[in-house]
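Here is a short tour in questions and answers. Look at the model first, then read on.

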Amino acid sequence: MSRVYNFSAGPAVLPEEVLKQAAAEMLDYNGCGMSINEMSHRSKTFDQVIQTAEQDIRDLMNIPDNYKVLFLQGGASQQFAAVPMNLMQNKKAAYIVTGQWAKKAMAEAKKYGEAIEVASSADKTFSYIPDCSDLAIPEDADYVYICENNTIYGTKFKKLPNTKGHILVSDVSSCFLSEPVNVNDYGVIYGGVQKNVGPAGLVISIIREDLIRDDVPDFVPTMLKWKTQADNGSLYNTPNCWAIYMCGLVFKWLKEQGGLTEMKKRNEEKAAILYDFLDNSKMFKGTVRAEDRSLMNVPFITDSEDLNAKFIAEATANGLVSLKGHRSVGGMRASIYNAMPKEGVQKLVDFMESFEKANS
Ligand SMILES: Cc1ncc(COP(=O)(O)O)c(C=O)c1O
């Protein structure tokens, strides 16, 4: 077996211990004589899997009792629609546009009401987070929306916006469980799990109870009504059992590692190795304003397309894979999620150093 260092933005690297445990349990989960993929989602065994997963994420994020944790399908993109459908009572919301994902979420919201762009960093290719301390948020806006970590551009909100008393909705897909958060600061936190938490096809939405309403418009599909999902413990229909099980294993792994405080420490250490190198390199440059840099997604470039391509090809040959930047940015991007070991980042930097020497 030969594992590579996988810098994919998502689906992405998972902890090796978790993959090994899932492999060991594939034919016989916990003495059941069958895989988790083969059993009823209404079985006692699966009930324990989902209940334990919920308790573990509650422990990890310190989620208060007045928030529901929903395990949903359709990925983060489906929540782009579910958010306005469930929250737009005044049919008005404020969007802070810091990249493609926030833009897509806003476009979706426009189908259901007025989605107003109150700040944007589009003027500089989303390479920074705009000042959100005093935005013109309409009084009657139902919520303020952010994408907290911008997977494509490598920026992160280090300080949450001043919502002026409005509910904050945050897409945390690419920074989920990477550091402690204060759940009380949010009305809704949601993330596709395929970056930092588990396999694709599951989105976890953490929603303050009073925002889970019955009086949503009639056109809202039953499945997209949060109340349906909350009333049925995320089991209104057959859920993504496999992904819930895998996330549960990752939650246990995170607890064993020391929880989110320890993850933040490790993620800061890993990111510093890469950013320090980028700040001192003459060939490679980071693309993001220093104070807004993400700990999870690190885009970088050289000044030549040919050199970028050569770097990606040689890195791949050296077991450092999925470093190609997003098609809308070009260059390179290293995603260094929780499960990327420090040695992986160090190996990448060592390789960048030798590549720079050989090609200068
Ligand atoms: C920040 C962010 N939001 C949303 C999405 C879309 O997620 P999904 O593919 O689960 O719909 C992605 C990436 O895929 C993302 O990085």
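Q: How far is a nitrogen atom of the ligand from an N or O atom in the side chain of Asp171?
A: This is a predicted model. A pair of N or O atoms is a polar contact if the two lie within 3.5 Å. The side chain of Asp171 offers such an atom to a ligand nitrogen, and the distance is 2.6 Å.

Q: How much of the accessible area of the ligand does the protein cover?
A: On its own, the ligand has 390 Å² of accessible area. The share that the protein covers is 85%.

Q: Which residue has a polar side-chain atom 2.4 Å from an oxygen atom of the ligand?
A: The ligand is surrounded by residues that include Ser77, Trp101, Asn149, Thr151 and Lys195. Ala76 also takes part, with a polar backbone atom 2.9 Å from a ligand oxygen. The side-chain atom at 2.4 Å belongs to Thr151.

Q: Which helix gives the most residues to the shell around the ligand?
A: By class, the shell has four nonpolar, six polar and two charged residues. One helix, spanning residues 75–87, supplies four residues of the shell. That top contributor is helix 3.

Q: How many strands are there in the chain?
A: The chain combines helices with strands. There are nine helices. The strands number 14.

Q: What radius of gyration does the chain have?
A: The C-alpha trace spans about 65 × 60 × 30 Å along its principal axes. For 360 residues, a compact globule would have a radius of gyration near 21 Å. The chain agrees with that, because its own value is 21 Å.

Q: What percentage of the residues in the chain is buried?
A: A residue counts as buried under 20% relative accessible area. The accessible surface of the chain comes to about 15,500 Å², with 48% of it belonging to carbon and sulfur atoms. Of the 360 residues, the buried part is 57%.

Q: Is Ser120 buried or partly exposed?
A: Ser120 sits in strand 4, which covers residues 114–120. Buried needs a relative accessible area under 20%. Ser120 has 22%, so it is partly exposed.

Q: Which residue has its backbone nitrogen 2.9 Å from a polar side-chain atom of Ser120?
A: Leaving out residues up to four places away in sequence, Ser120 touches Val97, Phe126, Tyr128 and Pro130. The side chain of Ser120 also has a polar atom 2.9 Å from a backbone nitrogen. That nitrogen belongs to Ala122.

Key:
Residues numbered from 1 in each chain as written. Predicted model: local features only at pLDDT ≥ 70, side-chain atom pairs only at ≥ 80, totals over all residues. Heavy atoms only, no water. Near = heavy atom within 4 Å. Polar contact = N/O pair within 3.5 Å; in protein donor to acceptor, adjacent residues only side chain to side chain. Areas by Shrake-Rupley, 256 points an atom, 1.4 Å probe, with all protein chains shown as cover. Helix = DSSP H or I, 4+ residues; strand = E, 2+ residues; numbered from the N terminus. Nonpolar A, V, L, I, M, F, W, Y, C, P; charged D, E, K, R; others polar. Rg over C-alpha atoms; globule rule 2.2 N^0.38 Å. Buried < 20%, exposed > 50% of the residue type's maximum accessible area, 1.4 Å probe, protein only. Contact = heavy atoms within 4.5 Å.
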